Amino acid sequence: MNDAGLQPITIRAVRLYPVALPLVERLGTSFGKEPFKAAVLIRLETEEGVEGWGETSAEINPGYSAETMGTALHVLQEFLVPRVLGQRLHSPARIPALFAPVRGHPLAKHGIEAAVWDALARRNGLSLAQLFARYLPAGHEPRARAVVGVSIGIQETLAETLRIIEQRLGEGYARVKLKIRPGWDVELARGVRAALPDIALMLDANSAYRLEDAEHLRRLDEFDLLMLEQPLAWNDIHEHSKLQPQLRTDLCLDESIHHLGDARLAIELGACRIINLKPARVSGYWESLAIYRFCVGQQVPLWIGGLLETGVGRAANLAFAALPGVTLPSDISGTARYYAPDITEPAFVPAADSTIATPTGPGSGVTVQPERLRAAVQRWRERCPYRGYAPYEGPEA
Ligand code: MG
């Protein structure tokens with residue numbers, strides 16, 4: 001399958017909306033906590049009358065990624081938007097080539113690429129998941145529901161952690177991921193396992209350890225973890241390849257995987273046995289499909305991670321997570337966990353079997369609510385923490 005027969009779009013305008021959303025629950029990780037959720041929402045208008053929406057899920061601080069809200073707005077406005085304006089596109093495959101002269105900035109690139117996917121899908125009466133599947137071999141049609149899990153930040157106490165886990169299990173989530181850091185790891189896992197011996201449990205270290213901690217990390221082997229995510233440096237593959245053979249627990253790489261070449265290197269070196277694919281981190285869905293095909297070919301378990309996306313980004317990730325080569329539960333929670341309300345409708349609601357329905361389209365299957373967008377842009381203008389460095393106001397929402 002490919003783009004044969006797809007109706008093209010011609011990009012007439014691209015609008016950028018920096019937004020701020022209050023989080024229902026701030027997610028504590030080994031990086032710290034962000035005060036609110038920021039993102040740049042991207043509206044792409046076409047000559048054919050369809051719109052496409054994408055999200056650049058940059059953060060305020062360069063913690064998870066080197067990109068920030070300030071760099072994203074700068075790079076989008078000055079370099080990426082001019083490269084797509086006026087383009088007539090039959091396929092999202094053109095986007096990586098158009099962006100090739102701009103090095104780095106995967107989150108910014110992903111936002112525009114996602115808007116192109118959405119507009120092309122809407123133009124052709126397809127759901128995003130159906131459009132993704134056109135670029136995969138037969139047999140990779142999307143499932144009706146994506147299997148999801150929940151990610152829980154670092155809490156003050158074990159008792160509080162257990163209370164939240166019980167609550168999430170009650171909401172239907174069957175796979176639990178806990179954030180850890182040195183001093184909050186082995187005893188946490190021991191306490192959770194003692195209370196909940198059978199749950200699917202995994203830990204995410206967000207690069208908080210060093211290779212010298214291998215002996216300590218080996219103590220996690222006794223807790224039958226689904227995986228341990230990104231224990232070592234965010235840009236490392238080599239030292240993870242030294243750590244994995246010392247552990248029975250499967251390592252999963254997240255921050256270290258920026259493109260297909262990283263995935264191939266990590267698997268060939270034995271640096272991990274599982275990959276967390278965040279489409280934004282690898283510049284978009286085109287590169288994500290390449291990593292997907294690689295993982296399917298190598299029988300590497302794959303799941304989709306998240307960056308606390310608003311409904312715009314989450315809908316697209318959910319569509320990708322519905323593809324059958326995504327073999328482990330993805331980090332895509334129901335809307336109510338993060339935003340009340342979100343910026344889009346309809347909301348995503350997890351079912352009792354730890355799944356969320358795949359949006360059926362057209363496009364991403366969600367609609368941006370103008371009033372909420374206006375309020376979120378206003379909130380960004382009022383609370384932007386580095387107004388003096390990035391005076392960007394954006395077009396009127
Ligand atoms: Mg992670």
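This report walks through a strand and its neighbours, some aromatic contacts and a metal site in a predicted model.

## Strand β2 and its partners

Let us start with strand β2, which spans residues 37-46 and is mostly covered, with 10 of its 10 residues buried. The cover extends to both faces of β2. On one side, the buried residues are Lys 37, Ala 39, Leu 41, Arg 43 and Glu 45. On the other side, Ala 38, Val 40, Ile 42, Leu 44 and Thr 46 are buried too.

Two strands pair with β2. Strand β1 (residues 9-21) runs antiparallel to β2 and is joined to it by 10 bridges; if you would like a landmark, look for Val 14, whose bridge partner in β2 is Leu 44. Strand β3 (residues 51-56) is also antiparallel to β2, with 6 bridges between the two. Here Glu 45 of β2 stands opposite Glu 51 in β3. The hairpin of β2 and β3 has 4 residues between the strands, and Gly 49 in this hairpin takes a positive phi near 90°.

## Aromatic contacts

Across the whole structure, a search finds 11 aromatic pairs. Phe 36 and Trp 380 form an edge-to-face pair, because their ring planes stand at 75°, with the centres 6.4 Å apart. Where do the two residues lie? Phe 36 lies in the loop between β1 and β2, and Trp 380 in helix α12 (residues 370-383), so the pair ties together parts that are 344 residues apart in sequence. Both Phe 36 and Trp 380 are buried.

Elsewhere, seven names are worth picking out on your display: Trp 117, Phe 132, Tyr 135, Tyr 285, Trp 286, Tyr 292 and Phe 320 make up one aromatic cluster. A ring also meets a charge in this model: the charged end of Arg 175 sits over the ring of Trp 303, at 5.3 Å from the ring centre.

## The magnesium site

Which residues coordinate the magnesium ion? Asp 204 and Asp 254 do so through OD, and Glu 229 through OE, at 2.2 to 2.4 Å. Along the sequence, these donor residues follow the spacing D-x24-E-x24-D.

Glu 229 belongs to strand β9 (residues 228-229), while Asp 254 sits in the loop between β10 (251-253) and α9 (260-269), so this pair ties together parts that are 25 residues apart in sequence. Are these two donors buried or exposed? Glu 229 and Asp 254 are both buried.

How values were computed: Residues are numbered from 1 along each chain as its sequence is written. This is a predicted model: local features need pLDDT of at least 70, side-chain atom pairs count only at pLDDT 80 or more; totals for chains, interfaces and linings use all residues. Side-chain values use heavy atoms; hydrogens and water are left out. Buried means under 20% relative accessible area, exposed over 50%, partly exposed in between (1.4 Å probe, protein chains only). Two strands pair if DSSP finds at least two bridges between them. Rings of Phe, Tyr and Trp (its six-membered ring) pair if their centres lie within 6.5 Å; planes under 30 degrees apart count as stacked, over 60 as edge-to-face and the rest as tilted. A charge sits over a ring if NZ of Lys or CZ of Arg is within 6 Å of the ring centre and within 35 degrees of the ring normal. Donors are N, O and S atoms within 2.8 Å of the metal (3.2 Å for Na, K and Ca); water is not among the atoms, so sites may look incomplete.
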